[in-house]
Amino acid sequence: MTFLVDANVLIDLGFVEGLDVLPALGTAQVLDVVLLECEEPPDLADNIRQAGIQEIEAKQEWVKAALLYKTGRLSLPDVLNLYYAKTVGCTLLTNEKPLRKLCQQEQVPFHGLLWIIEQAYQLKLRTADQLCVWLITLEQVGSRLPTVEVAQLRQYLGC
C-alpha cells in the first residue's frame with residue numbers, strides 16, 4: 001500500500017521518534033512542498049528522508065487542478081496532497097479535519113495518526129507501553145487529536 005503523508009502526521013511522528021513506522025506500513029511518500037512545512041522538531045526534514053520516506057516533487061501543472069479543491073480552510077499543500085492522492089490512488093495520512101472531510105467527499109482513502117499508532121501496535125512495531133508514551137508526548141506537545149478516540153486508543157493499549 002502507498003501512503004502520502006501530510007505535515008501534521010510527520011511532525012507528530014517526529015516528536016515521538018516514530019517516523020520509521022511509516023515505511024514499515026507500506027510505501028510512504030511526501031510532497032516536497034509539504035516537506036518544507038516540516039520545521040519542528042529540529043532536523044525533521046532530514047529525519048524524514050533518512051527514515052526512507054520518498055520525497056515527491058510537486059509539478060507546477062498540478063497546482064491549477066489542485067486549486068479546484070481550495071477553500072478558506074485548506075492550504076495549497078493540503079489541496080496538492082488531495083490532488084496527488086486522488087490522481088495516483090494512494091491513501092492520504094492526515095490529522096486535519098477539513099482535509100479529511102474533503103477526502104471523504106472526493107472518495108480518497110485516508111487515515112490519521114491514531115490509525116498509525118494502532119497499526120504500529122498490531123504489527124508489533126512498538127509495544128503498548130511505548131505507544132502509551134507516544135500519546136503522552138503528543139498531548140504535551142499540543143498535538144490536535146480527537147479526545148474521545150484518544151481515550152478509546154488508550155483503553156485498547158492498556159495505558
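**Exercise 1. The strands**

Work out how covered strand β2 is, and which strands pair with β2.

*Solution.*
Step 1. Start with burial. Strand β2 spans residues 27-31 and is mostly covered, with four of its five residues buried. This is a predicted model.

Step 2. Look for the first partner. Strand β1, residues 2-5, runs parallel to β2, and three bridges join the two. One register point is Thr-2, whose bridge partner in β2 is Thr-27.

Step 3. Look for another partner. Strand β3, residues 54-56, also pairs with β2 in the parallel sense, over three bridges. Here Gln-29 has Gln-54 in β3 as its bridge partner.

Step 4. Put it together. β2 pairs with β1 and with β3.

**Exercise 2. The cysteines**

Find which cysteines form a disulfide, give its handedness, and decide why Cys-38 has no bond.

*Solution.*
Step 1. Search the whole structure. One disulfide turns up. The bond joins Cys-132 to Cys-159, with an S to S distance of 1.9 Å. That passes the cut-off, since a disulfide needs sulfur atoms within 2.5 Å.

Step 2. Place the two ends. Cys-132 sits in helix α9 (residues 128-140), and Cys-159 lies in the segment after α10. They are 27 residues apart, so this bond links distant parts of the chain.

Step 3. Read the torsion. About the S-S bond of Cys-132 and Cys-159 the angle is about -90°, so the disulfide is left-handed.

Step 4. Compare the surroundings. Cys-132 has a relative accessible area of 9%, so Cys-132 is buried. Cys-159 has 46%, so Cys-159 is partly exposed.

Step 5. Turn to Cys-38. The closest cysteine sulfur to that of Cys-38 belongs to Cys-90 and is 16 Å away, which is too far for a bond. Cys-38 is buried, at 5% relative accessible area.

Step 6. Check Cys-90. Cys-90 is in no disulfide; the nearest cysteine sulfur is that of Cys-103, 9.7 Å away. Cys-90 is buried too, with a relative accessible area of 2%.

**Exercise 3. The ring cluster**

Identify the rings that cluster with Trp-62, and classify the geometry of each pair.

*Solution.*
Step 1. Count the pairs. The structure has four aromatic pairs.

Step 2. Take Trp-62 with Tyr-83. Their ring centres lie 6.3 Å apart and the planes meet at 50°, which makes the pair tilted. Trp-62 is in helix α5 (residues 60-66) and Tyr-83 is in helix α6 (residues 76-88), 21 residues apart.

Step 3. Check burial of these two. Trp-62 has 14% relative accessibility, so Trp-62 counts as buried. Tyr-83, at 19%, counts as buried as well. The cut-off is under 20%.

Step 4. Take Trp-62 with Tyr-84. The centres are 5.3 Å apart and the planes lie at 40°, so this pair is tilted. Again the link runs from helix α5 to helix α6, with Trp-62 and Tyr-84 22 residues apart. Tyr-84 counts as buried, at 9% relative accessibility.

Step 5. Assemble the cluster. Ring pairs tie Trp-62, Tyr-83 and Tyr-84 together.

**Exercise 4. The pockets**

Describe the largest pocket and the second largest pocket by volume, lining and residue class.

*Solution.*
Step 1. Get the volume of the largest pocket. About 610 Å³ of space lies in it.

Step 2. List what lines the largest pocket. The lining has 27 residues, and those nearest the centre are Asn-95, Glu-96, Arg-144, Leu-145 and Pro-146. The elements giving two or more residues are α1 (7-15), α7 (97-105), α8 (113-122) and α10 (147-157). Helix α7 supplies the largest share, five residues.

Step 3. Sort the lining of the largest pocket by class. Eleven residues are nonpolar, seven are polar and nine are charged.

Step 4. Repeat for the second largest pocket. Its volume is about 160 Å³. The lining consists of Thr-71, Arg-73, Leu-74, Lys-97, Pro-98, Lys-101, Leu-102 and Gln-105.

Step 5. Sort the lining of the second largest pocket. Three residues are nonpolar, two are polar and three are charged.

How values were computed. Residues are numbered from 1 along each chain as its sequence is written. This is a predicted model: local features need pLDDT of at least 70, side-chain atom pairs count only at pLDDT 80 or more; totals for chains, interfaces and linings use all residues. Side-chain values use heavy atoms; hydrogens and water are left out. On a 1 Å grid over the protein atoms alone, a cavity is a set of points where a 1.4 Å probe fits but cannot get out, and a pocket is an open set with protein on both sides within 12 Å along at least five of seven lines; lining residues have an atom within 4 Å of a point. Grid points are joined across faces, edges and corners, and a volume is the space filled by probe spheres set on the points. Ala, Val, Leu, Ile, Met, Phe, Trp, Tyr, Cys and Pro count as nonpolar, Asp, Glu, Lys and Arg as charged, and the others, Gly among them, as polar. Buried means under 20% relative accessible area, exposed over 50%, partly exposed in between (1.4 Å probe, protein chains only). Two strands pair if DSSP finds at least two bridges between them. Rings of Phe, Tyr and Trp (its six-membered ring) pair if their centres lie within 6.5 Å; planes under 30 degrees apart count as stacked, over 60 as edge-to-face and the rest as tilted.
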